[in-house]
Amino acid sequence: MTGSGADVVVIGGGIVGTSAAAFLASAGARTVLVEREGLASGASGANSGVVQHPLDPVLADLYRSTLALYGDLAAADAGFRIGSEPAGMLYVSRDDGPVRRLGAQIGALFPDLDVGLLEGRPLALLEPTLAPGLHACRVGIGYPVAPAGSTYAYATIAERAGAAIRLGRSATVDLRGDRAVGVVVDGEPVAADAVLVAAGPWTPEALDPSGRWRPIRARWGVVVEVDLPAGPRHVLEEAEIGEAIGTAAGDRPPAFEPDEAVEDFSLVPLGAAASVGSTFLAREPDPAAWVEPLLVRASGFVPGVVDAPIRGTRSCARPQSLDGRPLVGAVPGRRGLFVCAGHGSWGISTGPGAARLVADVIRGRDVAVPAALDPGRFGGPA
Ligand SMILES: Cc1cc2nc3c(=O)[nH]c(=O)nc-3n(C[C@H](O)[C@H](O)[C@H](O)COP(=O)(O)OP(=O)(O)OC[C@H]3O[C@@H](n4cnc5c(N)ncnc54)[C@H](O)[C@@H]3O)c2cc1C
């Protein structure tokens with residue numbers, strides 16, 4: 001590494017950028033993180049708050065490594081907590097077809113997961129606050145966490161290891177020919193040997209201001225947080241979500257439909273509160289307009305939601321890649337430039353695992369990035 005400037009500049013202070021900065025700084029790299037708003041100001045602070053198995057064989061390794069990293073993070077006394085056992089996921093539906101299909105797919109793909117089908121009295125005994133007549137597939141996964149908890153904790157670890165965090169500053173990649181020589185922060189150059197772009201849905205514009213390279217788009221979600229002290233103990237999701245997003249199918253997730261607008265029920269309990277979601281929208285929504293539709297939909301699964309006091313509403317953008325999987329590693333056609341973004345609905349569950357991988361690539365360690373995550377699958381920037 002050179003003597004002046006930073007070894008690595010990381011653009012983006014979400015879960016991916018802060019965890020990457022923590023891994024890089026802890027390994028001895030002189031690291032600067034630039035975040036244009038506040039830490040966790042994007043989806044990393046406003047998500048539904050569950051670490052969960054993505055039910056995609058390619059992403060499963062990232063999820064497992066993330067869980068292990070969260071164990072280390074919880075032990076590091078940086079303010080992050082995660083349960084030692086999963087709360088359990090219930091995929092619910094009014095029809096038994098989707099529940100059975102999902103259960104069979106999950107069981108075939110992940111025989112190590114504990115999968116069971118429930119309905120009638122056994123389901124009512126397990127979760128008395130569910131609406132009658134539902135069918136459910138229970139899987140022993142799902143760890144509720146504070147939505148921004150891991151991002152703040154990794155920022156703390158990064159700073160403890162000597163990383164400089166610059167907030168309220170916007171950065172773009174500084175290129176000389178095909179080589180990244182650092183970043184430009186609000187007009188001021190900051191030299192670096194390597195640049196990692198982890199700017200979530202805004203990664204394409206930070207990495208290639210020409211606007212031609214756009215393998216990641218924003219997919220907006222609204223979540224309503226309610227008081228629900230005696231609510232479900234399991235994390236709940238509509239079984240059709242698994243089918244709709246295709247991540248349980250084992251093959252490549254379906255291509256992202258940019259104009260699609262979908263609303264699907266999910267509920268994540270944490271303490272006396274529950275986060276009820278969520279939408280999948282191509283454009284930034286007015287969150288207030290979604291409160292009633294989300295709560296009415298949720299009340300079909302958990303009737304008590306409709307009278308629950310509302311604590312607040314969150315809205316944020318998933319960084320959705322065109323094939324549903326993140327881009328992790330070196331940017332093709334650019335020396336010294338790396339990307340880790342596009343985690344879609346799974347960034348809290350897989351982000352640190354991916355960040356660890358890209359940090360190892362930047363440090364020149366002998367690691368293999370799976371071809372399905374290689375940024376080159378979408379070609380290089382202009
Ligand atoms: C409604 C909803 C619920 C979700 N629930 C879950 C869940 O329960 N579990 C789960 O695993 N995942 C969940 N996700 C997905 C998860 O939140 C995201 O995948 C993850 O937070 C993305 O992290 P990130 O660091 O890539 O991006 P972000 O959190 O978007 O962070 C990127 C950061 O980069 C900054 N930035 C952008 N451009 C620049 C620039 N030019 N210069 C400097 N800074 C810049 C932004 O301000 C932002 O802070 C959910 C998403 C949504 C929308």
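In the predicted model, the hairpin formed by β9 and β10 has two residues between its strands, and Gly-177 adopts a positive phi near 65 degrees there. The two strands of this hairpin, β9 and β10 (residues 179-185), run antiparallel and are joined by six bridges. Within this pairing, Thr-172 stands opposite Val-184 of β10. Strand β10 also takes part in a second hairpin, since four bridges join β10 to β11 (residues 188-197), again in an antiparallel arrangement. Here Val-184 has Pro-189 of β11 as its bridge partner. The hairpin of β10 and β11 likewise has two residues between the strands, and in this hairpin Asp-186 takes a positive phi near 45 degrees.

Strand β9 (171-176) is also one of the elements that give two or more residues to the shell around the ligand. This shell consists of 44 residues, of which Gly-14, Gly-42, Gly-200, Gly-221 and Gly-347 are the closest to the ligand. Besides β9, the elements that supply two or more residues include the helices α1 (15-26) and α2 (43-46), as well as the strands β2 (31-35), β12 (216-227), β15 (273-280) and β16 (310-321). The most is given by α10, which contributes four residues to the shell. When the residues around the ligand are sorted by class, 18 are nonpolar, 22 are polar and four are charged.

The protein chain is divided into two domains, with domain 1 covering 6-79 + 147-214 + 323-378 and domain 2 covering 89-140 + 217-321. The centres of the two domains, taken over C-alpha atoms, are separated by 27 Å, and the contact between them takes 27 residues from domain 1 and 29 residues from domain 2. On the side of domain 1 that touches domain 2, ten residues are nonpolar, 13 are polar and four are charged. The shell around the ligand draws on both parts of the chain, with at least three residues coming from each of domain 1 and domain 2.

Helix α10 (347-362), already described for its part in the ligand shell, also packs against another helix. The axes of α10 and α3 (residues 57-75) come within 7 Å and cross at roughly 90 degrees, and the two helices are therefore roughly perpendicular to each other. In this contact, Leu-59, Leu-62, Tyr-63, Ser-65, Thr-66 and Leu-69 of α3 meet Ser-349, Thr-350, Gly-351, Pro-352, Gly-353, Ala-354 and Arg-356 of α10. By class, the residues of the contact between α3 and α10 comprise six nonpolar, six polar and one charged.

Key. Residues are numbered from 1 along each chain as its sequence is written. This is a predicted model: local features need pLDDT of at least 70, side-chain atom pairs count only at pLDDT 80 or more; totals for chains, interfaces and linings use all residues. A residue is near a molecule or strand if its C-beta atom, placed from the backbone, lies within 6 Å of it. Ala, Val, Leu, Ile, Met, Phe, Trp, Tyr, Cys and Pro count as nonpolar, Asp, Glu, Lys and Arg as charged, and the others, Gly among them, as polar. Domain bounds come from an automatic or database domain assignment. Two residues are in contact if their C-beta atoms, placed from the backbone, lie within 7 Å. Two strands pair if DSSP finds at least two bridges between them. Axes are lines fitted to C-alpha atoms, for helices over the stretch in contact, and angles run from 0 to 180 degrees between N-to-C directions. Angles under 35 degrees count as roughly parallel, over 145 as roughly antiparallel, 65 to 115 as roughly perpendicular and the rest as oblique.
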